[in-house]
Structure formats: structure tokens, C-alpha cells
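Colleague: I should like to go through this structure with you and ask how each description is justified. Please set each value against its definition.

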Amino acid sequence: QVQLVESGGGLVQAGGSLRLSCAASGRTFSSYRMGWFRQAPGKGREFVAALYWSGGSTSYTDSVKGRFIITVDNAKNTVYLQMNSLKPEDTATYYCAAAMGARGMWDYWGQGTQVTVSS
């Protein structure tokens, strides 16, 4: 079955950087979109970034544009989220997700990794 396993979260000071990883297994993901979402305490889950596994355009929520970068390493079957210039408001649990094609639902989710940014 599909497995998405996130890692790389932690505690960092404001202005610092972290790189999250999402190791994907269980099928060929070439037709999938891969995304990162986050959920802060007391808030709903929000979209952060996404890309097509096979390449092409990326998308970001406005609050992370210019600071976060989503990439994929096909050889390692891993999706990354490079997070720079972190702010306290980026504190959340970050989740990796997968969706089939351009219109598919986000059917597969990882367990999440905690990111805490101190001021």
C-alpha cells in the first residue's frame, strides 16, 4: 500500500531553515501530485506547496512564496520541502500528501512532522 513518511521537523529559531523529507513507497508516483500541508494548534489544515512528481509547475500558498521550495528526487522516491527564513507563524505539524493527476483528491497522507519556530 501507499506509504508516505515525513521526517526533518524540529525546533529552530526565527530566521533559520529546515528541510522536510517525505519518503514515498507502495506504487509508482509519476502520475501523482505531491503536496505539503500544515496544521497549527487550534487551526484547520492548510495547503503549503505542491508539485507534479513528473516535473512541471509548482504552487505555493502566498505566505511561503519566496521562502519555501518544494522539490522531488526521483532516484530516492522522496519529496522535499526546503523552508528558509522561518517565522513563528510557520509553527505547525507538516504533512505530506499524494493525489492522482491534476484533479484527484489528496487520498494519501503521512503521519506528520512537527516544526516549531521560536521567536
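Modeller: Read along the sequence, the pattern is β-β-β-β-β-β-β-β-β-β-β. The protein has eleven strands and zero helices, where helices (H or I, at least four residues) and strands (E, at least two) are DSSP runs numbered from the N terminus. This is a predicted model, in which local features need pLDDT of at least 70, side-chain atom pairs count only at pLDDT 80 or more, and totals for chains, interfaces and linings use all residues. Residues are numbered from 1 along each chain as its sequence is written, and side-chain values use heavy atoms, with hydrogens and water left out.

Colleague: Why is the protein called as compact as a globular protein of that length?

Modeller: The radius of gyration is taken over C-alpha atoms, and the globule rule is 2.2 Å times the number of residues to the power 0.38. For 119 residues the rule gives 14 Å, and the protein has 13 Å, close to that value, so the description applies. Along its principal axes the C-alpha trace spans about 40 × 25 × 25 Å.

Colleague: What makes Asp90 a buried residue?

Modeller: Buried means under 20% relative accessible area, exposed over 50%, and partly exposed in between (1.4 Å probe, protein chains only). Asp90 has a relative accessible area of 1%, and is therefore buried. Asp90 is found in the loop between β8 (78–83) and β9 (92–100). Of the 119 residues in the protein, buried residues make up 44%.

Colleague: Why is Lys87 called partly exposed?

Modeller: The relative accessible area of Lys87 is 34%, which lies between the two cut-offs, so Lys87 is partly exposed. Lys87, too, is found in the loop between β8 and β9.

Colleague: How do you know that the side chains of Asp90 and Arg67 make a polar contact?

Modeller: A polar contact is a pair of N or O atoms within 3.5 Å; within protein, one must be able to donate a hydrogen and the other to accept it, and residues adjacent in sequence count only if both atoms are side-chain atoms. The value for the side chains of Asp90 and Arg67 is 2.8 Å, so the pair qualifies.

Colleague: Which residues does Lys87 contact, leaving aside neighbours within four places in sequence?

Modeller: Contact means heavy atoms within 4.5 Å. On that basis Lys87 is in contact with Arg67 and Val117. Asp90 touches Arg38, Arg67, Phe68, Ser85, Val115 and Val117, not counting residues up to four places away in sequence.
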